[in-house]
Amino acid sequence: MRGAIIGIDLGTTNSCVAVLEGGQPVVIHNHEGGRTTPSMVSWTPSGEVVVGAASKRQMVTNPTRTVFGVKRLIGRRLDSPVAQALAASLPYRLTAAPSGDARVRIDDAELSPEEISAHILRKMKQIAEDYLGQPVAEAIITVPAYFDDVQRRATRDAGAIAGLEVRAILNEPTAAALAYGAHRGVDQKLAVFDLGGGTFDISILNMEGGVFEVLATSGDTHLGGDDFDRRVIEILAEEFRAQEGLDLLSDCVALQRLKEAAERAKLELSVAMTTEINLPFIAADQAGPRHLQRELSRGELEAACRDLIEALEVPCRKALADARLAPGDIDQVLLVGGMTRMPAVAAKVVDIFGKPPSKGVNPDEIVAMGAAVQSGIVGGELTDVVLLDVTPHSLGVRVAGDRTSVVIPANTTIPTREEKVFATTEDEQTFVAIEVVQGDSPRASDNRLLGRFVLGDLPGRPAGRVRVAVAFTLDADGLLEVTATESETGRAASVQIEAKSGLSSADIERLRAL
Amino acid sequence: MYIEEVGREVEDDSAVRDALARELERLRGATPHQALGVPAGADPAQVRARFLELVKAHHPNRFARRAPDVVRLANEVFLRYRRAYEEAGRPGQGQAGRAQSGRAVTERLEKLDRLAPANQPIRELDAALARRRRARSYPAMPAVPAAAGKAPRPAMAPAAPSSDATPPPATASGERRITAGMPVLTAAALDERARAREEDRRERLRRAHADLGAGRLAEARELLRALLADAPADRAVRALVHYVAGREHHAAGREAEARAEYDRALRFDPSLDEARASLALLDGERSSRGGLLSRWFRK
């Protein structure tokens, strides 16, 4: 008798776990009674690891050892623009692994985002086990639709470290659509607008006869609630510097307090027109303690965040264009992610799609519920529903002139396989480097390098006479396998992979045992 | 449909594996409409409805709990349904159609940088290059040096040169100039010839697969021998020749020989799933003879 497969929404700010009961997805409370758990991990001075709400409570007093928003780092290199921008504003330190992957420095240890996420996943696993009264070994984990291959693999690795067999990696907007439509039976076209803590995804789906087919997906991997918080922090810090001459941003503890206050203010301004920000003893100098007390209005917040809200439009238009639909063709718009509660964001949605969003969708829980529905598809309880997702980015090979030769275009339904034939560029070229890139830029170096094959032992021939057939296979989870075979001689050629990101299986085993 | 045969509650991976392997075999020789299980004259709406049914029943997600090789097989089967749907719904524009014509070239050549070997990029062939090369004569294929330790190749006729002219003299920069007396065909005629040859090859391959699917091994073997005589460098055909040999050994109970032939087939064409499936069957037969397995294996 197989155990239950749980569905986990591993969010940037909050995580949620759900399970299928009697064919219906049910969200599981944590020990504090919360239906979501903060995605935060702290290391106390004594070395104890604390996860969730308890970690969030430590955020202010233990700022350098409390990690939040690790989802923004998973699968990223330290030298990437996103990581660099984060490093400047985070209270905890970032470093690089020998491979270049981003790491978090806690005291003397350098921790990977995978193992930090694993702590969160382990907690969600425990919440489920306590509820179900039995051990849990399998899970569906959701990721932003715009996550690339490296980020997906890293998420899977995090699951493995937590002792979970990850049966599927599911895109968050698609999960939301599944949860919304699985028992609804009506054929319709959906737009899922997912603005979470760290990322923005927009997906357009067609529901037909129980098949959820993603038509197009777009988004912005660094646009989320944290950026809105940041605007508020900047307003407050700027004013404080002008009035008091002190820089709050360079003070870890002050920064954390500002962040907490900004997040709270933002939430309150979704229902109120003004809110008060009160931070006594925020800083001190020779003259004595300094306090910050100020009213913030909804108008000010919206003005400060105007460009962020404007930035939501372009991915939506692009997704509609790729889906070959007009806004009027969309039957329902689903809002996912806490940020969609902000009135200005909801207004933008109406502006783009010409209709109000669907009510009755809980933006904080629907993704986990969708993961639970997917667990029913994988486990066999739900037979009338299935998902056809797409790959969000083009996949290709780097060719002469630093160009990308696309093998699988963006928004291709998966699983899929495509093959392309390439040729050598030099006479007597006995080996080629096949660089696999993922991304939509025509310039190869702007895209994400997934791996490099070296195909050796090629026959010595004039330039262009040696042909290499490169086959890309994308499985149902959006993970890529590349094979390269030399076409002419019929000899097997050696293939090595270089520059692999992420953790080795030895690392994962070692971390799992901890 | 095989999933009905297997049944939803079946826990046994090996039964599902066999059913998938058989389905893969059936799909190899099938036209797009046959693959989907719709009549040849079905309209696009029917084709789509049928494809959605197949998607619901056979999406790889449904096999996610099974052994990794079963998941791979499920992905392979599903890929073929997809391809069949694209070809049936929009003939000639499917991924397979594009993949075939991809061999004829699409993008323009770019001027190359002299890069260090480790950084050497690869470029795509383009129509201009292909035309340029066809406009010159093809030199006889040089004998491929046999590398130690590799599988012995079957004795086949050497590649027939498509022209009997000697290679044109090379200039100092490595360019070859066309000189008088060499046959020069128009690009259009060469394209037409290449297309006709490709069509013929595809048709013969399809018949060979159909024979294989129906168990007519001797007919398949003859077809493939003929194909190979025309294009000895064709790895896909070579793989199939080995695969047929393997099937013949397999049917006669010569397990070790069958295994060797399947391995060779895979070396020539790693994507030949029938060979993989047959290897799996060999393993399965070894581990449990008779009973449930032989029931599924019977044609």
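# Helix 4 and the cores of a predicted model

Tutor: Setting aside neighbours within four places in sequence, A:Ala176 is in contact with A:Val192, A:Asp194, A:Leu334, A:Val336, A:Ile366, A:Val367 and A:Gly370. Keep in mind that this is a predicted model.

Student: What makes A:Val192 a contact of A:Ala176?

Tutor: The cut-off is 7 Å between C-beta atoms placed from the backbone. A:Val192 is listed among the contacts of A:Ala176, so their C-beta atoms lie within 7 Å.

Student: Which residues touch the most other members of the largest nonpolar core?

Tutor: A:Ala176 is one of them, along with A:Ile8, A:Val17, A:Phe193, A:Leu334 and B:Leu36. That core holds 174 residues. Its largest share, 10 residues, comes from helix 5 (residues 68-89) of chain B. A second, separate core has 20 residues, including B:Tyr262 and B:Leu272.

Student: What makes B:Tyr262 a core residue?

Tutor: A core takes buried residues of certain nonpolar types, Tyr among them, joined through C-beta atoms within 7 Å. B:Tyr262 belongs to the core of 20 residues, so B:Tyr262 is buried.

Student: Why is helix 4 of chain A called oblique to helix 13 of chain A?

Tutor: Helix 4 (residues 149-161) and helix 13 (residues 505-513) of chain A pack at about 40°, with axes 8 Å apart. Roughly parallel needs an angle under 35 degrees, and roughly perpendicular runs from 65 to 115. The angle fits neither, so helix 4 of chain A is oblique to helix 13 of chain A.

Student: Which residues meet there?

Tutor: A:Asp157, A:Ala160 and A:Ile161 in helix 4 meet A:Ile508, A:Leu511 and A:Arg512 in helix 13 of chain A. By class, the contact has 4 nonpolar, no polar and 2 charged residues.

Student: Why is helix 4 of chain A described as largely enclosed?

Tutor: Buried means 20 or more other C-beta atoms within 10 Å. In helix 4 of chain A, 12 of the 13 residues are buried, so the rest of the structure largely encloses this helix. Among them are A:Asp149, A:Arg152, A:Arg153 and A:Arg156.

Student: How do you know that the span of helix 4 of chain A is close to the expected one?

Tutor: Expected span is 1.5 Å times one less than the residue count. For the 13 residues of helix 4 of chain A, 18 Å is expected, and the helix reaches 18 Å from first C-alpha to last. Just after this helix, A:Gly163 takes a positive phi of about 85°.

Student: How many helices and strands does chain B have?

Tutor: Chain B has 13 helices and 0 strands. Of its 299 residues, 29% are buried.

Methods: Residues numbered from 1 in each chain as written. Chains lettered and ligands numbered in written order. Predicted model: local features only at pLDDT ≥ 70, side-chain atom pairs only at ≥ 80, totals over all residues. Axes fitted to C-alpha atoms, helices over the stretch in contact; angles between N-to-C directions. Helix = DSSP H or I, 4+ residues; strand = E, 2+ residues; numbered from the N terminus. Parallel < 35°, antiparallel > 145°, perpendicular 65-115°, else oblique. Contact = placed C-beta atoms within 7 Å. Nonpolar A, V, L, I, M, F, W, Y, C, P; charged D, E, K, R; others polar.
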